[in-house]
Every structure is written in structure tokens, then in C-alpha cells.
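This report concerns a predicted model. The paragraphs below treat strand pairing, helix packing, nonpolar cores and the make-up of one chain.

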Amino acid sequence: MRNKIAQIMVLSLPLITVITAQPSFPGAPAQAPIGGLGLLAAAGGAMALKKLYDKHKK
Amino acid sequence: MKAGGVYAAWLLIYDFVVLPDGRVDTWLSITGVKLAAAGLSFVGWEIETAGRFIACAGNRGVEIQNGCNGMELLGLYAGFIIAYSGDAKKRLMFIAGGIGMLFIANVFRIAFFALSNLYYPQYWDPVHHYSSYVFFYPIVLTLWYLWTTVSDRNDIFSGASLSSA
């Protein structure tokens, strides 16, 4: 019985190479943040100021 | 000043309450990914999704994280509408309609990311950096402009003056 277990263990050793040689995962996923919010806020502020300026000009 | 105050208040609420809680952001990210995947699958692309990940089958995926799903933009958009004077009913319509349009734009943006990773993966950096300028900002600026025009017209008719937005 012990011999059989030893044989199985020895014969299983080469299989470790097969197990560790699985294809790897594709690259890390890309993330998608939103940029330029400050610019958008500035554009909104400029738009509001322009409207106010035009309003006071009339 | 008022718009800046509303936006600052929104940022504080978002950074310290909404983002750490994560439920609304997670819902936005996952729903956006599901709708983008459904749309792309409907028109014939083979799409794989897992939670907040989306990819064209066998290609590099895109992860829509909390804080990257347009939630902050929705606050900025609504903050301007709230701060600029106008009729309350029209204001609600502009906020609800604008948020709906930006949500749909975000679905298109996510779908575009998945396709750009399939066809032009080498351009990922500029694509994701400038996507907001194409998908979101024209909508936001147009709606803001319309709102200032509509509220001005309302002011002319009602005789009320503008508040300092």
C-alpha cells in the first residue's frame, strides 16, 4: 500500500508542470475615470457670468 | 457663488457619504455595464461581463469603478441647475431629464470603451481621457445653456431678477 502511494506521488510530480503552465489571465482591466470636471465647472461658471453680465448690460 | 457652494456641498456629501457607502455607485456601474453589454450583444458583438467588468470576448476588459461612473458629474450638472434661478417645475424637469440623458450617455461611453479595447487597444489612454469631452460635456453644456435661456425667458415674463449664480 505504501509503495503504491509512493508510486502515485512520484508519477504525479511531472503533472505539477502541467498545472502551473495554465494560460495566464488577460492583462489587468483598464479603468475609466472621468477627467476634466474642473474645466467643465469653469465653463459653466463662465457661462453664468456671461449671462449675468449681459443681463446687467441691458 | 451659489453654484460653487452647491457643488462644494455635493462633493462633500459624495466623498464622505455616497462614495464610502458605495451602493448608489455600485448600482450605477453595474447597471451601466449590463445595459452596454445588452446593447452590444443586440447589435452582434460577443460580450463578456462580470459585475463591473465588460469586454469583447477574448479581449482586455474595462472596469467601471465607483467614482468613475459619472456620479460626480451628475452632481455638478444638477448643482448648476439648482443654483441658477428659474421655475421650480422646469428645474425639476431639467434635473431629471439631464440625469437620464447623462446615464444613457454613460452606457454609450462604456460600450465605446469595450469596442475601443477590441479595435484600438493601443489608444486606450487618449480614448478614456477624452471620452468625457465627447460623451458628457456637450450634453451638459447644451443643457446648462438651455437652462440659462429658459430661466432668463421666465424672468422676462415674470419680471423677477436673476440671482447671483
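Ile47(B) has Cys56(B), a residue of strand S2(B), as its bridge partner. The pairing to which they belong joins strand S1 (residues 47-50) of chain B to strand S2 (residues 53-56) of chain B through four bridges, in the antiparallel sense. S2(B) is also joined to strand S3 (residues 62-63) of chain B, here by two bridges and again with the strands running antiparallel. Within that pairing, Phe53(B) has Glu63(B) in S3(B) as its bridge partner. Both connections are hairpins, and the table sets out their turns.

| Hairpin | Residues between the strands | Glycine with positive phi | Phi |
|---|---|---|---|
| S1(B) and S2(B) | two residues | Gly51(B) | about 65 degrees |
| S2(B) and S3(B) | five residues | Gly58(B) | near 85 degrees |

**Helix packing in chain B**

The axes of H4(B) and helix H5 (residues 124-135) of chain B lie 11 Å apart, at an angle of about 160 degrees. Because angles over 145 degrees count as roughly antiparallel, H4(B) is classed as roughly antiparallel to H5(B). Their crossing is right-handed. On the H4(B) side, the residues that meet H5(B) include Ala105(B), Phe108(B), Phe112(B) and Phe113(B), together with the polar or charged Arg109(B), Ser116(B) and Asn117(B). On the H5(B) side, Trp124(B), Val127(B), His128(B), Ser131(B) and Phe135(B) take part.

**Nonpolar cores**

In soluble globular proteins, nonpolar side chains tend to be buried together. The largest nonpolar core of this model has 23 residues, of which Leu73(B), Tyr77(B) and Ile81(B) touch the most other members. At least two residues of this core come from each of the following: helix H3 (37-57) of chain A, and helix H1 (2-21), helix H3 (71-83), helix H4 (88-119) and helix H6 (137-158) of chain B. The greatest contribution is that of H3(B), which gives eight residues. Apart from its neighbours within four places in sequence, Ile81(B) contacts Arg91(B), Phe94(B), Ile95(B) and Trp147(B). There is also a second, separate core of 15 residues, among them Ala36(B), Ile47(B), Val107(B) and Ala114(B). Ile47(B) thus appears both in this second core and in the bridge to Cys56(B).

**Chain A**

Chain A contains three helices and one strand, and from the N terminus on its elements follow the order α-α-β-α. Of the 58 residues in chain A, 9% are buried. Helix H3 (37-57) of chain A nevertheless supplies at least two residues to the largest nonpolar core.

How values were computed: Residues are numbered from 1 along each chain as its sequence is written. Chains are lettered from A and ligands numbered from 1 in the order in which they are written. This is a predicted model: local features need pLDDT of at least 70, side-chain atom pairs count only at pLDDT 80 or more; totals for chains, interfaces and linings use all residues. A nonpolar core is a set of buried Ala, Val, Leu, Ile, Met, Phe, Trp, Tyr and Cys residues joined through C-beta atoms within 7 Å. A residue is buried if 20 or more other C-beta atoms lie within 10 Å of its own, exposed if 12 or fewer, and partly exposed in between; C-beta atoms are placed from the backbone. Two residues are in contact if their C-beta atoms, placed from the backbone, lie within 7 Å. Two strands pair if DSSP finds at least two bridges between them. Axes are lines fitted to C-alpha atoms, for helices over the stretch in contact, and angles run from 0 to 180 degrees between N-to-C directions. Angles under 35 degrees count as roughly parallel, over 145 as roughly antiparallel, 65 to 115 as roughly perpendicular and the rest as oblique. A crossing is left-handed if the near helix is turned anticlockwise from the far one by less than a right angle, and right-handed if clockwise.
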